[in-house]
Amino acid sequence: VEALGAEEHNDVVRYAHSVKGSALNIGAEAIAATAASMEVAARIGDLDTVRSLIQAATDQLSELQKCR
């Protein structure tokens with residue numbers, strides 16, 4: 001999120017890519033798909049969409065945690 005404030009697009013792309021990979025490693029396909037969309041949005045500089053997708057991924061993670 002700090003990278004968003006600084007509009008460091010490359011950092012956001014890297015973070016989204018890492019989240020995508022981590023989510024796939026644990027079978028969290030919905031979070032991975034959201035992170036993939038976030039990665040694309042960051043690559044094109046659409047930070048408003050990135051912010052929206054961060055909220056979506058946070059909500060998805062909350063739902064995943066309820067399943068424990």
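# A walk around a four-helix chain

Start by selecting Asp11: with a relative accessible area of 22%, this residue is partly exposed. That puts Asp11 just above the 20% mark under which a residue would be called buried. Keep in mind as you click around that this is a predicted model.

**Stop 1: Asp11 and its partner.** Now add Arg14 to the selection and show both side chains. They meet in a salt bridge, with N to O at 2.2 Å. Both residues belong to helix α2, which covers residues 9-25. Asp11 and Arg14 are three residues apart there, so about one helical turn separates them. As background, side chains of opposite charge can pair when their charged atoms come close.

**Stop 2: zoom out.** Switch to a cartoon view of the whole chain. What do you get in the way of helices and strands? The chain has four helices and zero strands, and reading from the N terminus the order is simply α-α-α-α. There are 68 residues in the chain, and 28% of them are buried. Turn on the surface if you like: about 4,500 Å² is accessible, and carbon and sulfur atoms account for 52% of that. For the contact-map fans, take the contacts between residues at least 6 apart in sequence; 43% of these join residues at least 24 apart.

**Stop 3: a bridge between helices.** The salt-bridge count for the model is five. For another of them, select Lys20 and Glu39, where the closest N and O atoms are 2.9 Å apart. Lys20 sits in helix α2 and Glu39 in helix α3, so this pair ties together parts that are 19 residues apart in sequence. Are these two partners buried or exposed, or something in between? Lys20 is partly exposed, at 21% relative accessible area, while Glu39 counts as buried at 7%. Before moving on, add Arg43 to the selection: Lys20, Glu39 and Arg43 are linked in a network of salt bridges.

**Stop 4: under the surface at Ala35.** Stay with helix α3, which spans residues 29-43, and pick Ala35. This alanine is buried, with a relative accessible area of 1%. Which residues does Ala35 touch once you leave aside its neighbours within four places in sequence? Select Ala16, Val19 and Lys20, and you have the contacts. So Lys20, whose salt bridge to Glu39 you just looked at, turns up again here as a contact of Ala35. Then try a distance from Ala35 to Ala23: the two are twelve residues apart in sequence, and their C-alpha atoms are 8.6 Å apart in space.

**Stop 5: along helix α4.** Head over to helix α4 (residues 47-66) and click on Leu61. Leu61 is partly exposed, at 40% relative accessible area. Add Ile26 and Leu64, and you have a nonpolar patch on the surface, made of Ile26, Leu61 and Leu64, with about 270 Å² of accessible area together.

**Last stop: Glu63 and Lys66.** Still in helix α4, select Glu63 and Lys66, which are three residues apart, or about one helical turn. They form a salt bridge, and their closest N and O atoms are 3.1 Å apart. At 45% relative accessibility Glu63 counts as partly exposed, whereas Lys66, at 62%, counts as exposed.

Conventions:
Residues numbered from 1 in each chain as written. Predicted model: local features only at pLDDT ≥ 70, side-chain atom pairs only at ≥ 80, totals over all residues. Heavy atoms only, no water. Patch = residues over 30% accessible without salt bridge, like charges linked within 9 Å, V, L, I, M, F, W, Y side chains within 5 Å. Areas by Shrake-Rupley, 256 points an atom, 1.4 Å probe, with all protein chains shown as cover. Salt bridge = Lys/Arg side-chain N within 4 Å of Asp/Glu carboxyl O. Helix = DSSP H or I, 4+ residues; strand = E, 2+ residues; numbered from the N terminus. Buried < 20%, exposed > 50% of the residue type's maximum accessible area, 1.4 Å probe, protein only. Contact = heavy atoms within 4.5 Å.
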